[in-house]
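Q: Please take a close look at one helix and the contacts it makes, both inside its own chain and towards the partner chain. A connected account would be preferred to a list.

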Amino acid sequence: MNILDIFQGISTLFAQDYKIALFRIFLVTLGILLVYLGSKEILEPLIMIPMGFGMSAVNAGVLFLTGSTTGTIFIDPMVSDTNALMNILQIDFLQPIYTFMFSNGLIACIVFMGIGVITDIGFLLRYPFTSMLIAMFAELGTVATFPIATAMGLNYGEAAAVSLIGGADGPMVLYTSLMLAKDLFVPITIVAYLYLSLTYGGYPYLIRLLIPKHLRAATVKTSKFHNISSKEKLIFAVIANTLLCFLFPVAAPLFLSFFIGIAVRESGLDRYAKLIENGFLYGATFFLGLMLGVLCEASTILNPKILTLLILGMLSLLISGIGGIIGGYIVYFANRKNFNPVIGIAGVSCVPTTAKVAQKEVHKANKYSYVLQYAMGANICGVITTAILTGVYVTLIPLIK
Amino acid sequence: MSYSFLIPLQVFGLGFVISLFMAVLIKIMLFAIRKFSNTPAADKNELH
């Protein structure tokens, strides 16, 4: 007996194709690096720490299943036969979560529900036109990347899923990938979450590059200020949810999740709000990170399209950021310079990161300028416009296929 | 025109129209709520 037969994680390295073996070692190292970067808060720790652990564990823990077949006892995302699935559900410890929460998009909806609970739509209701306009411009990457992606060889579904990275909304990318590009949903979602973690570090440079300091320091003057009541927010949530579900039934679970989160918050249902925020949202985020990591098994993820996805994901977020700033400039000139174009970046709907980036950059240029309320309006609108564009893509693409 | 360009144009166009419609809806809704209840007059601090 070979001593390495006892330590199958190592012996499988020699039994597998050398490309897969090398990629396994790379992913183990990458997983450890993600944990480190997450713990240092360079990347988003809530996602990156469980993801890094999952990634390194699944690539180290490969064993011989039957004969010379290798695999893991974490999860089998490729299983489709009902009998095989029933067997796997009793063996692979994360398979129940994948089957009942991931492959049907439930986890994306739960995360979106949590976002609804922590979102104050008062900012959006106070400045609806300004916010919607900026948010639509910040969707530029979501549409401009599509033709580039098809030119690079992706089909329409894959192109739509990777383009939605520009919407900067993780649950949307996950949902679209599951609906339109199931074969590529793991790499697309991982690329999305990796890049979304980097927006806090990258967008300030884009702002400084495209907006001169005197404009970054601009203050915004408003003459009157009225609070938006909870009743008004609740009525809007009900109307918007019903309307959007009528228009895009395919994306209705997403709309319902987001607006019910808002309704719970505005109805004063504190116990539900705490349950959704502390229980559902953080629970779902933890399992989202862990599952994404575990799904990064070398033989599953080794795909020639990975490099294309990495390029397109970055391009999409970059174009969206530029689009948001263009939107900011348009509002700036339309309001006779009574606006700060930096707010445009907040249209990229990475709640609340991009709004915080906008306020931080403005504060650096002028410590008396306060734009967070406008930035939050654009930010929340970004979530809604991304949901709308997701609904249009998910409805439109299957009609063309 | 190729679908590669047509699809994003349709997506952006529809998204834009629906978003602006929602902004109009918000204005009408706030106006109606405040008109038929005893809350203060409609918000005047929109930037446009």
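A: The following account begins with a helix pair, proceeds to the chain contact, and ends with selected single residues. The model is a predicted one.

The helix in question is α20 of chain A, which spans residues 372-400. Within chain A, its axis comes within 11 Å of the axis of helix α11 (residues 170-180), and the two axes cross at roughly 5°. Because angles under 35 degrees count as roughly parallel, α11(A) is classed as roughly parallel to α20(A). On the α11(A) side, the residues that meet α20(A) are A:Met172, A:Tyr175, A:Thr176, A:Met179 and A:Leu180. Their counterparts in α20(A) are A:Thr386, A:Ala387, A:Thr390, A:Tyr393, A:Val394 and A:Ile397. By class, the residues of this contact comprise eight nonpolar and three polar, with no charged residue.

Helix α20(A) also takes part in the contact between the chains. That contact draws 39 residues from chain A and 30 residues from chain B. On the side of chain A that touches chain B, two or more residues each come from α7 (122-126), α8 (128-137), α9 (140-151), α14 (230-247) and α20. Of these, α20(A) gives the most, with seven residues. The side of chain A that touches chain B divides into 26 nonpolar, nine polar and four charged residues.

A further helix of chain A, α18 (residues 306-334), holds A:Ile326. Not counting residues up to four places away in sequence, A:Ile326 touches A:Phe137 and A:Gly344. The C-alpha atom of A:Ile326 is separated by 8.3 Å from that of A:Ile134, although the two positions lie 192 residues apart along the chain as a sequence separation. A:Ile326 has 18 other C-beta atoms within 10 Å and is therefore partly exposed, since a buried residue would need 20 or more.

Two loop residues of chain A complete the account. Most residues other than glycine have a negative phi. A:Lys337, in the loop between α18 and α19 (353-365), has a positive phi near 70° and is not a glycine. A:Glu41, in the loop between α2 (18-39) and α3 (45-60), likewise has a positive phi, of about 60°. A:Lys337 has 11 C-beta neighbours inside 10 Å and so counts as exposed. A:Glu41 counts as exposed because 11 C-beta neighbours lie inside 10 Å, where the limit for an exposed residue is 12 or fewer.

Key
Residues numbered from 1 in each chain as written. Chains lettered and ligands numbered in written order. Predicted model: local features only at pLDDT ≥ 70, side-chain atom pairs only at ≥ 80, totals over all residues. Axes fitted to C-alpha atoms, helices over the stretch in contact; angles between N-to-C directions. Helix = DSSP H or I, 4+ residues; strand = E, 2+ residues; numbered from the N terminus. Parallel < 35°, antiparallel > 145°, perpendicular 65-115°, else oblique. Contact = placed C-beta atoms within 7 Å. Nonpolar A, V, L, I, M, F, W, Y, C, P; charged D, E, K, R; others polar.
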